[in-house]
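Q: I am new to this structure and should be grateful for a close look at a single part of it. Please keep to that part and define each term as it arises.

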Amino acid sequence: SPWEPVLLLLSPPAFSTSCARCAKDRRLRQKRAISERQLTRYFVDQRKVRVVGGQGGDGGQSFHSEPRKVFGGPDGGNGGDGGHVIFKADQQIKSLSSVFRFYQGFHGERGGSKNCYGANGAHMYVKVPVGTLVKEDGEVVADLTQHGEEYIAAYGGAGGRGNRFFLSNENRAPKLFTPGEPGQERVLHLELKTTAHAGLVGFPNAGKSSLLRAISRAKPAVAAYPFTTLNPHVGIVHYQDYEQVAVADIPGLIKGAHQNRGLGMAFLKHIERCRFLLYVLDLSVPQPWSQLQDLKYELEAYEKGLSERPCVVIGNKVDLAQSRINLPLLREQVAERVIALSALTGDNLEELLLHLRELYDTYVKTEQSQGQSPVKW
């Protein structure tokens, strides 16, 4: 028929005309799962950094000369200023592992003839995570808590003066010029404190990592031995109105943590930035309410008022028989609201998510009433 050639052109080919070796794999690449031991290499919350500002350019020394104007006078320009070293908070950076041990700003250029000034050195920007503390000799000099916030860690040196600068009526042909000044040199200690809305606080094997897996897409390691979690994990809880609540899984706490026992200060410093706390208790152990008392004592011993932040008590492992017996006893001993759930089976997670949103909305209203902007993820 006359339409047969047209149909052949419109029909898709029955086979691929490209080479199999050259064909691209269009499947989505899944994120490689890494263990907590491997994660230790990537997650760094402390770093000692030596920063040096760029050196200023030297001043120029030259005299103007052209036909029929032999004694044109000095025309050496000033040197350019050295570049600064600037720390800049970036919410895409989650660890200090990408921060090097040494940074130096770019140097300024030397002044040229014909009154040409040297170019200033470019600034060196170092991206650090949001929530980074900058300390010098044990004192806090900067606290980068907002995305895009900057701190000049080392100033660049000023450029030198050219001989044109020293021209005067007393000295019509100065040969003097000054070199550029060296940049500022400092040794700073960077300390990361995880910035999250809620912090999961509990003893080892209380089920914090399992709970974070159940309510978010975070994938912390889960195992039946103490200190499975060695580094903080942050999971994002998504709601239908596009609000996002960040929940931090802090490494397990033991008695005497405020005296730097166990993970000690490495654990407690990440709780300071949490706006409200979620105490995770193991209901299957005898007298689970004693865990809450010990947790509050450690928080209060580390920083006064830390245990008084808005909180909720989560009774985990309610799927076990012993937990059902301890649940009413826990509610009698504890004045705070108790939410009984099972991170393993997913029982009663809805109540936790609703109450978590209530805590978040209260935090947002409080910050806005005080004229401050709440932390958004």
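How are H3 and H7 oriented with respect to each other?

A: H3 and H7 are roughly perpendicular to each other, a label given to angles of 65 to 115 degrees. This is a predicted model, in which local features need pLDDT of at least 70 and side-chain atom pairs count only at pLDDT 80 or more, while totals for chains, interfaces and linings use all residues. Residues are numbered from 1 along each chain as its sequence is written, and side-chain values use heavy atoms, with hydrogens and water left out.

The two helices belong to a protein chain that has seven helices and 14 strands. Helices are DSSP runs of H or I with at least four residues, strands are runs of E with at least two, and both are numbered from the N terminus.

Two packed helices are described by the angle between their axes and the distance between the axes. Helix H3 comprises residues 208-215, and its angle with H7 is about 80°, the axes being 11 Å apart. Such axes are lines fitted to C-alpha atoms over the stretch in contact, and angles run from 0 to 180 degrees between N-to-C directions. On the H3 side, Leu211, Ala214 and Ile215 make the contact; on the H7 side, Leu349, Leu352 and Leu353 do so. Contact here means heavy atoms within 4.5 Å.

H7 itself covers residues 349-369, 21 residues in number. From its first C-alpha to its last it reaches 31 Å, close to the 30 Å expected at 1.5 Å a residue; the expected span is 1.5 Å times one less than the number of residues.

Of the H7 residues that touch H3, Leu349 and Leu352 are also listed as buried, meaning under 20% relative accessible area with a 1.4 Å probe, protein chains only. Further along H7, the buried residues include His355, Leu356, Arg357, Leu359 and Tyr360, as well as Tyr363, Val364 and Glu367. An α-helix has 3.6 residues a turn, so residues three or four places apart point the same way. After H7 comes glycine 371, whose phi is positive, near 75°.

For the setting of this helix pair, buried residues make up 44% of the 377 residues in the protein chain. Among contacts with a separation of 6 or more, 72% join residues 24 or more positions apart.

Key:
Buried < 20%, exposed > 50% of the residue type's maximum accessible area, 1.4 Å probe, protein only. Parallel < 35°, antiparallel > 145°, perpendicular 65-115°, else oblique.
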